[in-house]
Every structure is written in structure tokens, then in C-alpha cells.
Amino acid sequence: MAGTLYLVPTPIGNLGDISKRMAETLAQADFIAAEDTRVTVKLLNHLGLKKPMVTYHRHNTETGGQAVIDRLAAGESCALVTDAGTPAISDPGEELVTRCAALGIPVCAIPGPCALVTALAASGQPTGRFTFEGFLAMNKKNRRAHLDSLRREERTMVFYEAPHKLAATLQDLAGTFGLHRPLTLCRELTKLHEEIRRTTLGEAAAWYQENTPKGEFVLVVQGAEPLQEQEATLEDGLRMVDRLRGEGLSLRDAVKQAAKELGLSRNQLYDLAVGKRDQSSPPAEEG
């Protein structure tokens, strides 16, 4: 039987956030697939563990992924970890999970630290519906297309950004969504210098033009205000009545359907439709 791929989150800053289950899974796995073994060995040392490791990162998803798949198919279990956070979320682990799913190899996700959820929960922005946009593309054309597709997005939007690209990203976000769009800027989450700043895109862009960003950032941007639908008028209802009558409905049935669909008064619409019909009727001949 194939072994199991365990997705094991690692602390995003505070080592105290590693759970007993996460530690036990690392201890029980046959081997660990790590984004950077130099980072992971520090965590293993903290836990008092020694485990064989292989590398799996965005530059070797094909060869590294196949090596992991081969060992899983042979019955070994693997704990997949990133340098920080949950594997497969804005991470090449997504590809490995997809390949395992296609081959029928069991995948078990262990709950744990995730910068996305941590930032969203503390943001003060609406959390009922949100969209995770990850890192914006480096290519200007792709970056612009990505942001243009979000212009009317009403859900809260969450972005990841590195410090060296933050200033440019804030300028692009302000240019797309407006200077006054609310923003929660989360920096160095769970670490000693954690900062959660509730501001606007314009203010944040101006600040980081003058101040050098430090640390990793999660940007939580408020969604667009819903477009206000214009209320239907009796004239709109009359046009619908004319269309429905052209489709064969009687005047009474056409008025009933139009009034229901447009939220209009049936009596007012009927009176207007009858008045129009009377006005369009030819004058009676004088006898």
C-alpha cells in the first residue's frame, strides 16, 4: 500500500505555535520533504528530532516531486513542510497534492499556522466572504490584468508581499482601488515585532515611499461597495408588459408577471397599461 503524504504546518514566527499533533507527525513520518532543509533542521532541533530530509521547492517540483511520489508509492510516509506556514497554500505543495490525488495516494492535512487566516482574523475587515490572491505577478502586464480583474470585487481581498516589492505593490493597489480604500497591513505576524496597522491604501503607499519596509507582509484590502441597483419604474413595467403581450400573454397576465418581476404595484401598472391602450385606440366614428 502507498504511504501517506502529511501536510504539516510550521510556525510563521513563534515556535510556541507548533502543536503536539504537528510534532508527533514529524516524528512518525519516514522522511520530510522540506522547502529549505537548513530552515527545517532548526525546527527539528527545537523538537529534539532527527529525520532524513529531501528538498521540495518551486525550482524542483518535477524532479523533487517525483522523488517524493516514488517513495510514497513504495509505502513510505512523508511530512511536507514549508519554511513557514501551511504547505500547499500559495506554495508548490499544491502540485504535489494534486499528483498524489490523481494517483490515489492518501493526503492528510494537519491544521496549524497560516499567515492568511491569522491576518484576516485580526484585520477588522469583513471575514464572511474573502478571496486569497497570494503574491502578485512580477510581470507588469500580468500584474495589471490580475488587479483589473478585481476592480469590482466585493469580497475582502488578501495578498502576500515581500518587503522589497511592498512599495510598488501599494502604489499599484492604490491606483486600482483608490487612495481611500481601507487596508489592514500585517507585518511579522506572531514575531517579536508584530505590527497590525489599519489604514488606507493611499496612506500606506505614501508611508512606504519614505520608510523602508522590513519583514514579511499580509495585506488585507476591503472589497468594493456593492453596486446599487436602480429601482424599476412604471415605464420599465410598461415596456415589459408590451414585450409580454407581444409574446402572446393577455394584458392582465402580462401586468401580473411584470409587476411581480420588477416589484411594482400591479394596480398602478394595470391602470397605466389600460390608459395607454385607450390612448392608442382609434377614435370612435361619429354617427
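This report walks through a strand, a helix, a loop residue and the hollows of the structure above, which is a predicted model.

## A strand on the inside

Let's start with strand β7, which runs over residues 156–161. Six of its six residues are buried, so β7 is largely enclosed by the rest of the structure. In a regular strand, side chains alternate between the two faces of the sheet. You can follow that pattern here: Thr 156, Val 158 and Tyr 160 point one way, while Met 157, Phe 159 and Glu 161 point the other way. Whichever way they point, all of them are buried.

## The neighbours of β7

What does β7 pair with? One partner is strand β6 (residues 130–135), and these two run in the parallel sense, joined over five bridges. If you want a spot to look for, find Phe 135, whose bridge partner in β7 is Tyr 160. To get from β6 to β7, the chain passes through helix α6 (residues 140–148), making a right-handed β-α-β crossover.

Strand β10 (residues 217–221) is another partner of β7. This time the pairing is antiparallel, again over five bridges. Here Glu 161 stands opposite Phe 217 of β10.

## A helix with two sides

Now move to helix α4, residues 93–103. Which of its residues are buried? Gly 93, Leu 96 and Cys 100 are. Looking down the axis of α4, you'd see the buried residues fall within an arc of 60 degrees, so they line one face of the helix. The general idea is handy: an α-helix has 3.6 residues a turn, so residues three or four places apart point the same way. On the face of α4 turned away from the buried side sit Ala 101 and Ala 102, which are exposed.

## The largest pocket

The largest pocket has a volume of about 940 Å³. It is lined by 30 residues, and the closest to its centre are Ala 84, Ser 90, Phe 135, Tyr 160 and Glu 216. Two of those names should ring a bell: Phe 135 and Tyr 160 are the bridge partners from before.

Strand β7 shows up here too, since β7, α7 (163–177), β8 (182–187) and β10 each supply at least two residues of the lining. By class, the lining of this pocket splits into 13 nonpolar, seven polar and 10 charged residues.

## The second pocket and Asp 83

Next comes the second largest pocket, at about 270 Å³. Of its 14 lining residues, Pro 11, Leu 15, Val 39, Leu 43 and Asp 83 are the closest to the centre. Helix α2 (residues 37–47) gives the most to this lining, with five residues. The lining has seven nonpolar, four polar and three charged residues.

Asp 83 deserves a second look. You'll find Asp 83 in the loop between β4 (78–81) and α4. Is Asp 83 buried, exposed or partly exposed? Its relative accessibility is 30%, so Asp 83 counts as partly exposed. Asp 83 and Pro 11 are 72 residues apart in sequence, yet their C-alpha atoms are 8.5 Å apart in space.

## A closed-off space

Finally, how many cavities of 30 Å³ or more does the structure hold? There is one, and about 40 Å³ of space lies in the largest cavity. Its lining includes Glu 35, Tyr 56, His 57 and Arg 58, along with Gly 93, a residue you met among the buried ones of α4. The cavity lining divides into four nonpolar, three polar and three charged residues.

Key: Residues numbered from 1 in each chain as written. Predicted model: local features only at pLDDT ≥ 70, side-chain atom pairs only at ≥ 80, totals over all residues. Heavy atoms only, no water. Buried < 20%, exposed > 50% of the residue type's maximum accessible area, 1.4 Å probe, protein only. Helix = DSSP H or I, 4+ residues; strand = E, 2+ residues; numbered from the N terminus. Pairing = 2+ DSSP bridges. Right-handed = clockwise from strand over helix to strand, strands pointing away. 1 Å grid on protein atoms, 1.4 Å probe; cavity = no way out; pocket = protein on both sides within 12 Å on 5 of 7 lines; lining within 4 Å. Points joined across faces, edges and corners; volume = space filled by probe spheres on them. Nonpolar A, V, L, I, M, F, W, Y, C, P; charged D, E, K, R; others polar. Arc of directions from axis to C-beta.
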